[in-house]
Amino acid sequence: MHRQNDLMKRINNSYPKLSKGQKLLANYILEHYEKAVFLTAAKLGKIVGVSESTVVRFANELGYDGYPKLQRALEELVKTKLTSFQRVEVTSDRIDKNHVLKSVLQSDAEKIKHTLEEIDEDIFNEATSMILGARKIYILGVRSCASLAGFLGFYFNLIFDNTKLIHTNSVSEMFEQIYRIGPEDVVIGISFPRYSKRTKKAMEFAKNRDAQVIAITDSYLSPLIQFADCSLIARSDMASFVDSLVAPLSLINALIVALCIKKQDEVLDTLENLEKVWNEYQVYDNEEDYNMNYNIQSKNNTDILE
């Protein structure tokens, strides 16, 4: 992890010229970085016994443009290292226990905001072009990311007739499903901390077979990046031991919408035909069924009253 080495290197190189208070901060971060990352400048200063302004000057002394940039570097360092138990421990102070709903929703909203500010629209457009030109589209996401892969796969199956969602419980099963992959194909790999080795191995295999690889992940330090021709970055976070994947899902929504617009006539034709099938086989509840159920319920209520 480049930034991990860079951060530690900055602290070690700067240590001799740090003030007494800044050295206390450096020592605390080196020993308790998994907790320091989730502290505000004021809380970190209080724990160490220095002022908030000392914390800000410490970040500047290390070459970061303010404390939030130092905190971001720490975040990249720790989020792949924490066990589920540690996640609960280190995030417990971040959530207002009296207003859990508000705290989590505000945090999710911030992740979408940061993703919007940071994402490269040209790369997003490049990804859509890759997908549109693919002979076959493979989608892979495991563990908590399986829900994202499944969502993407569901809608891609409505847009394309060449989509394959990889279902796998083992590495061997995964390779059995992608071994035919070739230069004209596209693989979309989805992985967020803690990163899946299975997804990484699949992307490496696809890259070695000269397929085009799209990574949907949280950082340019993600292990998926080294195998990707195109990387779509969406902020993720930890809410207790739960992964917050709201921003990645929003990015996937945007990808689906962009591709629907590109293939609008075909998608409309597909949906028109599907509506006929759905109605014929009663896939969805419709207004007629609703009215019938409502009338039955109303009659039952009247009979009870009588």
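Let me begin with how the chain is held together across its sequence: of the contacts in the chain with a separation of 6 or more, 71% are between residues 24 or more positions apart. I should say straight away that what we are looking at is a predicted model, and that everything I describe today is computed from that model. The chain has 306 residues, of which 42% are buried, and its secondary structure comes to 14 helices and seven strands.

Let me turn now to one pair of helices. Two packed helices are described by the angle between their axes and the distance between the axes. Here I have chosen helix H7, which covers residues 100-118, and helix H12, which covers residues 246-262; their axes lie 8 Å apart and make an angle of about 50 degrees. The two helices, H7 and H12, are therefore oblique to each other, and the crossing in which H7 passes H12 is right-handed. If you would like to find the contact on the screen, look on the H7 side for Asp 108, Lys 111, Ile 112 and Thr 115, and on the H12 side for Val 246, Ala 247 and Ser 250. Sorted by character, the residues in this contact of H7 with H12 are three nonpolar, two polar and two charged.

Next, the salt bridges. How many salt bridges does a search of the whole structure find? The search finds six, and I will walk through some of them.

One is formed by the side chains of Glu 61 and Lys 17, with an N to O distance of 3.9 Å. This pair links distant parts of the chain, since Glu 61 belongs to helix H4 (residues 52-61) while Lys 17 sits in the loop between helix H1 (2-14) and helix H2 (20-36), and the two are 44 residues apart. Glu 61 is partly exposed, with a relative accessible area of 32%, whereas Lys 17, at 58% relative accessibility, counts as exposed.

Another salt bridge brings us back to helix H7, where the side chains of Lys 113 and Glu 117 meet at 2.7 Å, N to O. Both of these residues lie in H7, four residues apart, which is about one turn of the helix. Is Glu 117 buried or exposed? With a relative accessible area of 52%, Glu 117 is exposed, while Lys 113, at 47%, counts as partly exposed.

A further salt bridge joins the side chains of Lys 207 and Asp 229, again given as N to O, at 2.7 Å. Lys 207 lies in helix H11 (residues 197-208) and Asp 229 in the loop between strand E4 (212-217) and strand E5 (230-233), so the pair ties together parts that are 22 residues apart in sequence. Lys 207 is partly exposed at 30% relative accessible area, and Asp 229 also counts as partly exposed, at 33%.

Finally, a word on the backbone. Asp 210, which is found in the loop between H11 and E4, has a positive phi of about 65 degrees although it is not a glycine, and this residue is exposed, with a relative accessible area of 55%. Gln 282, in the loop between helix H13 (264-280) and helix H14 (287-305), is likewise a residue other than glycine with a positive phi, near 50 degrees, and Gln 282 is exposed at 61% relative accessible area.

Notes. Residues numbered from 1 in each chain as written. Predicted model: local features only at pLDDT ≥ 70, side-chain atom pairs only at ≥ 80, totals over all residues. Heavy atoms only, no water. Axes fitted to C-alpha atoms, helices over the stretch in contact; angles between N-to-C directions. Parallel < 35°, antiparallel > 145°, perpendicular 65-115°, else oblique. Left-handed = near helix turned anticlockwise from the far one by under 90°. Contact = heavy atoms within 4.5 Å. Nonpolar A, V, L, I, M, F, W, Y, C, P; charged D, E, K, R; others polar. Salt bridge = Lys/Arg side-chain N within 4 Å of Asp/Glu carboxyl O. Buried < 20%, exposed > 50% of the residue type's maximum accessible area, 1.4 Å probe, protein only.
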